[in-house]
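Trainee: Pick one part of this model and take me through it closely. Start from a loop, and then widen the view.

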Amino acid sequence: MILATVLAVPVNASELAAGTAPAYLETEKRPAILMYHAFGDDERDTFVATSVFEEQMKYLSENGYTYLFPEEIHDSDAHEKPILITFDDGYRCNYTEAFPILLKYNVKVAIFLITDRIGEPDTPGRIAKLTKEQIAEMSDSGLVQFYSHMHSHRNLVTLTAEEIREEIEMSNAIIQELTGRTPRVICYPGGGYNDEVLDIMREHFDIGFATTMPGGERNMLQLTRPLVTNDMEEFKKHITVTYPEIRPPGQDSGPMPTLAATPAFHTVLVNGEETVFDAYTINGNNYFKLRDLAYALNGTEKQFEVNWDAASNTIFLVSGECYTVIGGEMAGKGAGNKTPVPIAAKIYIDGRIMQFNAYNIDGNNYFKLRDIGQAFDFGVSWDGAKNTITIDTGKGYIAE
Ligand SMILES: [Zn+2]
């Protein structure tokens with residue numbers, strides 16, 4: 001943690017370019033930050049329909065929003081409604097679908113490139129990426145700035161320090177060559193980072209974008225962003241300018257909370273029958289092994305299937321379908337304290353992308369029981385006196 005306490009001096013964009021690393025946002029306002037990926041008519045929720053994207057940009061322009069690039073975030077107080085728009089992964093539709101709209105409404109956008117996929121065509125598992133020519137044209141427009149989403153898009157928490165440094169070196173060199181600028185802004189692949197990753201990031205970047213995981217916003221390297229969908233009402237909630245917690249000068253808001261998973265010790269009743277799950281308590285919540293839950297609910301009206309696609313690092317949950325046993329389910333209670341790793345996989349339920357806090361422990365995925373209860377609409381209740389959790393598939397989910 002050599003660089004953990006960076007002196008926080010008020011900075012502006014030009015000082016940022018010179019490499020000053022601010023520890024936190026020294027503005028009264030925090031701009032709304034939006035996360036998009038791809039555009040077009042596609043069922044997947046990482047897509048926003050082009051017509052909806054146009055409606056959203058029109059709305060921002062008609063309602064007095066000022067677009068900021070990440071380096072301009074420190075100017076937030078100078079604008080009534082500052083907003084920062086980001087596109088992840090550098091899809092080709094960013095050029096074919098979104099760029100004409102950006103030009104029409106004069107919208108500024110930050111795009112995070114996966115540098116070893118530039119120019120990649122459409123293939124069954126992957127969506128086409130921007131070509132070098134498209135990147136150059138967008139960059140020349142002055143409306144689009146390109147930043148790093150690392151070289152290979154591997155989750156940084158799974159890499160060694162040396163591998164992370166190689167990723168930075170390769171991606172920065174390619175972006176420098178394409179745009180003439182070495183990026184000082186990073187977006188974590190899959191949103192994954194931890195304190196070790198942040199220590200390396202501080203050496204190279206001033207601003208980092210996560211999704212909403214895992215430690216909240218403690219400093220400028222952990223800005224959080226909601227995923228925009230076709231839902232216009234949800235969009236209007238996401239664009240609200242907020243007021244960040246004011247932190248003392250020279251400090252970020254403390255070390256990343258070290259996560260610990262301790263074996264959960266309660267009795268669990270599934271439809272009245274005592275069932276022993278592999279479960280852990282993390283931050284005061286109960287996380288159950290996903291495949292244990294799917295196994296235990298199989299044959300009930302709330303059964304669900306778990307499919308895993310390694311190529312796209314995606315977990316697909318399907319309600320109402322029988323669970324396919326893969327082995328290792330119901331192996332018993334979690335043993336000993338563990339360090340949970342926030343999972344980087346995308347999670348879909350019945351084709352809808354979900355934003356869950358879920359963790360990997362020793363190669364298995366653990367989900368918050370209440371998240372799964374809500375998603376598949378089964379009853380979850382807690383009897384503190386009896387230290388018992390009751391799962392009732394004959395009932396619907398009721399919020400705590
Ligand atoms: Zn990505």
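Mentor: First, the labels. Helices are DSSP runs of H or I with at least four residues, strands are runs of E with at least two, and the numbering starts at the N terminus. Keep in mind that the model is predicted.

Now the loop. Asp377 sits between helix α9, residues 369-376, and strand β22. Asp377 is not a glycine, yet its phi is positive, about 60°. Is Asp377 buried, exposed or partly exposed? A residue needs 20 or more C-beta neighbours within 10 Å to be buried, and 12 or fewer to be exposed. Asp377 has 14 C-beta neighbours inside 10 Å, so it counts as partly exposed.

Asp89 makes a useful contrast. Asp89 belongs to strand β5, residues 82-89. Its phi is also positive, near 85°, and Asp89 is likewise not a glycine. Asp89 has 22 C-beta neighbours inside 10 Å and therefore counts as buried.

Back to the loop and the strand after it. β22 joins an open sheet of four strands, ordered β12-β11-β23-β22, with mixed pairing. Its edges are β12 (273-274) and β22 (379-383), and each of these pairs on one side only. The partner of β22 is β23, residues 388-392. These two strands run antiparallel, with five bridges between them. One bridge pairs Val380 with Ile391 of β23. A hairpin connects β22 to β23, with four residues in between. In that turn, Asn387 takes a positive phi of about 55°. As background, strands in a sheet pair through backbone hydrogen bonds, either parallel or antiparallel.

A second hairpin is worth setting beside this one. Strands β15 (residues 304-309) and β16 (residues 314-319) pair antiparallel through six bridges. Glu305 is bridged to Val318 of β16. Four residues lie between these strands, and Asn313 of the hairpin has a positive phi near 50°.

What is the strand order in the sheet that holds this hairpin? It is β15-β16-β18-β19, an open sheet of four strands with mixed pairing. β15 and β19 (352-354) are the edge strands; each has a single partner, so one side of each lacks a neighbour in the sheet. From one strand to the next the twist averages 25°. You can trace the mixed pairing strand by strand. β16 and β18 (residues 346-349) run parallel and share four bridges. Thr314 is bridged to Lys346 of β18. β18 and β19 run antiparallel, with three bridges. There, Ile349 is bridged to Arg352 of β19.

Next, the nonpolar interior. Nonpolar side chains tend to be buried together in soluble globular proteins. The largest nonpolar core here has 66 residues, and Ile83, Val109 and Ile111 have the most contacts inside it. A separate second core has 32 residues, including Ala261, Phe288, Ile315 and Ile391. Ile391 is thus a member of this second core and also the bridge partner of Val380 in our first hairpin. For the largest core, look at Ile83. Leaving out residues up to four places away in sequence, Ile83 touches Pro31, Ala32, Leu60, Tyr65, Thr66, Tyr67, Leu68 and Ile239.

Helix packing comes next. Helices α2 (residues 50-62) and α3 (residues 93-105) pack at about 20°, with their axes 10 Å apart. An angle under 35 degrees counts as roughly parallel, and α2 and α3 are therefore roughly parallel to each other. Their crossing is right-handed. On the α2 side, the contacts come from Thr50, Phe53, Glu54, Met57, Lys58 and Ser61. They meet Glu97, Ala98, Ile101 and Tyr105 of α3.

Helices α5 (residues 161-179) and α6 (residues 195-204) also pack, at about 35° and with axes 11 Å apart. That crossing is right-handed. Ala161, Ile164, Arg165 and Ile168 of α5 meet Val197, Ile200 and His204 of α6.

Finally, the whole chain. It has nine helices and 23 strands. Of its 400 residues, 39% are buried. Among contacts between residues at least 6 apart in sequence, 61% join residues at least 24 apart.

Methods: Residues numbered from 1 in each chain as written. Predicted model: local features only at pLDDT ≥ 70, side-chain atom pairs only at ≥ 80, totals over all residues. Contact = placed C-beta atoms within 7 Å. Core = buried A, V, L, I, M, F, W, Y, C linked by C-beta atoms within 7 Å. Pairing = 2+ DSSP bridges. Axes fitted to C-alpha atoms, helices over the stretch in contact; angles between N-to-C directions. Parallel < 35°, antiparallel > 145°, perpendicular 65-115°, else oblique. Left-handed = near helix turned anticlockwise from the far one by under 90°.
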